[in-house]
Amino acid sequence: MGENEAGLPHTSLQGKKMAYQKVNADQRAPGHSQYLDNDDLQATALDLEWDMEKELEEPGFDQYQLDSAENQNLENSETADLNLDSIQPATSPKGRFQRLQEEPDYTTRYTRSAPKSNHCNFCRLLKILCTAIILFIFGILIGYYAHKKCPSNSTSSGTLDRQLYQEILKTIQAEDIKKTFRNLIQLYRSEDDTEISKAIKTQWTSLGLEDVQFVNYSVLLNLPGPSPSSVTLSSSGQCFHPNGQPCSEDARTHSSQDLLYSYAAYSAKGTLEAEVIDVSYGNAEDLTRITKMRNVTNQIALLKLGKWPLLYKLSLLEKAGFGGVLLYIDPCDLPKTASPGSDTFMVSLNPGGDPSTPGYPSVVGSFRQNRSNLTSLLVQPISAALVAKLISSSTGGTKNGVCSPLELPHNEKRIVNMQVQTVTKFKTVTNVVGYLKGLTSPDRYVLVGSHHPTAPSYGGPGWASGTAIATAFAQALTLRAQGGWRPGRSVVFCSWGGTVFGNIGSYEWGEDFKRVLQRNVVAYVSLHSPIRGNSSLHSVASPSLQQLVAEKNNLNCSRRAQCPETNISSVQIQGDADYFINHFGVPSAQFAYEDIKTLQDPSFLSEALFPKDATKIEEMDPFFKLHETIAKLSGEVILQIANEPVLPFNALDIALEVQNSLKADQPNTHQLLAPASRLRESAELFQSDEMRPANDPKERVPLRVRMLNDILQDMEKSFLLQQVPPGFYRNILYHLDEKTSQFSILLEAWEHGKSLTSNETFQEALSKVLHSINSAQVYFKAGLDVFDSVLVGKN
């Protein structure tokens with residue numbers, strides 16, 4: 001695909017000879033295939049396992065030693081035989097290898113001619129020449145063994161890389177981010193989303209990003225109707241807007257955008273009068289109990305947001321026969337600092353992309369399906385204040401310091417009339433995409449994703465925080481690039497449109513360039529709403545990136561006098577990373593500040609989009625120091641992925657994540673334990689094997705490094721499933737929340753199967769997980785075989 005199509009570069013690979021040096025392991029022995037066939041040595045390799053609990057709970061970067069320790073290990077690597085006992089996993093548990101300085105004169109280093117003198121006679125010249133030849137040969141031997149014994153370049157290169165990254169990142173300043181943030185917010189108040197897109201493109205172009213362009217798609221959006229929706233109590237005739245405000249004429253006249261945007265995008269529309277049934281969080285067990293007690297056909301469910309994905313819970317309600325849903329957030333699930341009494345919110349019922357072109361891009365000539373609503377349910381988000389009025393209770397009651405959840409008394413009956421009205425129309429969604437093309441691998445992309453509003457809607461100013469951070473990092477990169485430096489891989493900056501309606505912009509772009517992106521994207525770093533609180537740094541990373549993210553978290557803590565509580569997990573997140581995680585299996589990472597309370601309570605509350613004022617962002621981070629921290633943490637991760645010759649991904653962490661997902665007290669998963677153990681064995685061998693060829697001069701050929709990177713890039717694709725419950729990630733390495741370690745689809749199948757006489761649903765889910773584990777094990781083994789074949793062919 002040409003560069004003119006969305007600016008996707010296709011320049012040729014400019015191979016440079018790179019020197020590599022293994023870290024924390026002795027040199028590999030000749031005869032690699034014989035080593036792999038030796039059962040005793042394989043058993044010794046497996047003895048390198050560290051405690052899985054410690055590895056998963058403490059990422060282990062405090063186990064890393066300083067460069068002097070690395071040199072000490074490297075100095076002991078003279079022997080030609082592979083001494084596995086000398087490898088110390090406490091020094092480098094993951095088996096990474098480190099780049100030395102580039103050696104452009106590597107092939108000619110030892111072939112320089114001896115100096116000659118033109119002022120002596122033939123005999124003298126012959127003596128000098130013979131002496132020089134002897135000294136030259138002796139020098140080669142000394143140089144060869146000295147190079148093996150004293151690989152000081154390893155330390156200098158690592159130090160130089162760290163210095164380079166710090167020089168780039170130190171140009172990121174909180175004041176610059178604050179200025180960009182305020183400029184974007186000012187444009188947003190003009191209620192013209194086109195102006196925001198133009199401003200982002202203009203700024204990115206002025207910074208020096210290449211081929212910055214708009215990528216537009218005409219998509220089906222579901223927007224609020226001309227007047228707010230309403231809920232009326234049949235017994236008293238009292239009418240309320242979603243925020244609990246009475247439906248007086250005065251209120252209608254002065255209805256705000258916030259009131260209009262309290263709706264569920266792509267809900268069915270119309271009017272329904274029925275009894276309200278409290279279904280709490282709406283899990284399968286609750287619904288089974290309720291449906292056995294009463295008829296729920298065409299009734300209205302009073303549903304709390306949280307604990308399970310909203311789309312999943314709505315699918316259960318729809319299947320049970322409900323006709324409508326009043327959706328709210330219980331005050332007990334929010335931080336104490338929040339006051340959600342009359343706050344209204346928006347949700348989207350769109351799983352992703354343009355609903356009129358499911359699975360294919362919205363380009364000229366595409367067939368458009370008539371899908372104005374994506375559910376048969378009438379769904380209306382309401383405030384906790386309105387719920388309290390419906391159940392005749394006070395909001396957020398607290399007794400003895402314990403919050404009392406809102407619930408409808410079992411012996412009371414409430415009949416309401418709910419009216420939902422929305423408008424469906426086609427609008428243009430704009431993505432802004434700009435590149436800093438790589439030097440050695442320009443066809444490999446590290447995506448940096450933020451978003452901007454498509455229309456005046458909810459989502460708050462989090463988009464401005466993410467865009468301002470992306471802009472600050474782009475400025476730091478391009479400033480360095482003006483001096484001649486470039487990363488090895490291309491860094492692609494993306495500002496997505498249509499995010500609040502179901503990640504429409506990113507989905508359409510991904511579907512449009514699917515074949516190219518499947519092959520070329522190596523990682524996605526998300527800047528989706530990075531400031532949601534100010535008490536805890538919450539990091540999300542796919543298993544293969546958790547070690548790198550933990551290292552940056554640890555480094556950030558060492559630089560600060562007071563380090564906030566941190567945690568790292570692989571959990572489902574909101575935002576445009578969704579498409580790349582679930583359709584391409586791309587390793588992803590995201591740093592965000594949140595309030596500790598929100599991390600401890602029911603997940604998926606972030607599905608609600610509140611109209612937070614920009615002043616609240618500045619109240620949480622008045623000096624924009626948290627913004628600066630997120631920019632530097634994200635930036636260093638991006639730089640390492642884009643610039644390291646070997647991708648900083650870890651195969652063994654994937655196997656450990658699989659075993660951890662089977663640790664919990666989960667019945668009938670014993671048949672997965674043996675495949676998971678085999679996966680770990682293959683991953684350990686691969687993790688060890690990926691570093692040993694680095695000491696072989698043949699490994700310095702770019703082709704061999706490219707082979708290794710291709711394997712590392714696609715490790716998580718084995719865990720993509722075709723069909724999962726609505727709202728669940730197709731990438732099963734991601735969990736529902738931090739508290740739940742089990743595979744999400746197994747947890748759902750087990751909970752759902754409790755009410756069924758047959759366990760067929762659970763067995764089907766078990767089979768999917770088993771296939772994924774086996775597929776990953778075969779993938780790692782095939783990777784070992786590829787390197788085996790190359791070595792045999794060259795020996």
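A patch, as I use the word here, is made of residues with over 30% relative accessible area and no salt bridge, with nonpolar side chains joined within 5 Å. I keep in mind throughout that this is a predicted model.

**Entry 1: a patch on the surface**

With that definition in hand, I looked up a nonpolar surface patch. I found that Leu129, Ile133 and Ile137 make one of about 250 Å². Where does Ile137 sit? I traced Ile137 to helix α5, which covers residues 122–149.

**Entry 2: the whole chain**

Next I stepped back for an overview. I noted 26 helices and 21 strands in the protein chain. How much of the chain is buried? Of its 795 residues, 56% are buried. The accessible surface comes to about 33200 Å², and carbon and sulfur atoms hold 51% of that surface. I then checked the contacts with a separation of 6 or more: 84% of them join residues 24 or more positions apart.

**Entry 3: strand β8**

I picked one strand to follow, β8, which spans residues 300–304. Are its residues buried or exposed? I counted five of the five as buried, so β8 is largely enclosed by the rest of the structure.

Here is a reminder I wrote for myself: in a regular strand the side chains alternate between the two faces of the sheet. I therefore looked at each side of β8 in turn, and both faces are covered. Ile300, Leu302 and Lys304 lie on one side, while Ala301 and Leu303 lie on the other. I was pleased to see a lysine in that buried list, Lys304.

**Entry 4: the neighbours of β8**

Which strands pair with β8? Strand β7 (residues 270–280) pairs with β8 in the parallel sense, over four bridges. In that pairing I found Asp278 opposite Leu302. Strand β9 (residues 324–328) also pairs with β8 in the parallel sense, over five bridges. There I saw Ile300 facing Gly324 of β9.

I also followed the path from β8 to β9. Helix α12 (residues 310–320) joins with these two strands in a right-handed β-α-β unit.

**Entry 5: Ser603 in a loop**

My last stop was Ser603, in the loop between α19 (596–600) and α20 (614–620). Why do I call Ser603 buried? Its relative accessible area is 13%, and buried means under 20%, so Ser603 qualifies.

What does Ser603 touch, apart from its neighbours within four places in sequence? I listed Gly306, Lys307, Leu736 and Asp737 as its contacts. I also looked up Ile573, which is 30 residues from Ser603 along the chain. The C-alpha atoms of Ser603 and Ile573 are separated by 9.7 Å.

How values were computed. Residues numbered from 1 in each chain as written. Predicted model: local features only at pLDDT ≥ 70, side-chain atom pairs only at ≥ 80, totals over all residues. Heavy atoms only, no water. Patch = residues over 30% accessible without salt bridge, like charges linked within 9 Å, V, L, I, M, F, W, Y side chains within 5 Å. Areas by Shrake-Rupley, 256 points an atom, 1.4 Å probe, with all protein chains shown as cover. Salt bridge = Lys/Arg side-chain N within 4 Å of Asp/Glu carboxyl O. Buried < 20%, exposed > 50% of the residue type's maximum accessible area, 1.4 Å probe, protein only. Contact = heavy atoms within 4.5 Å. Pairing = 2+ DSSP bridges. Right-handed = clockwise from strand over helix to strand, strands pointing away.
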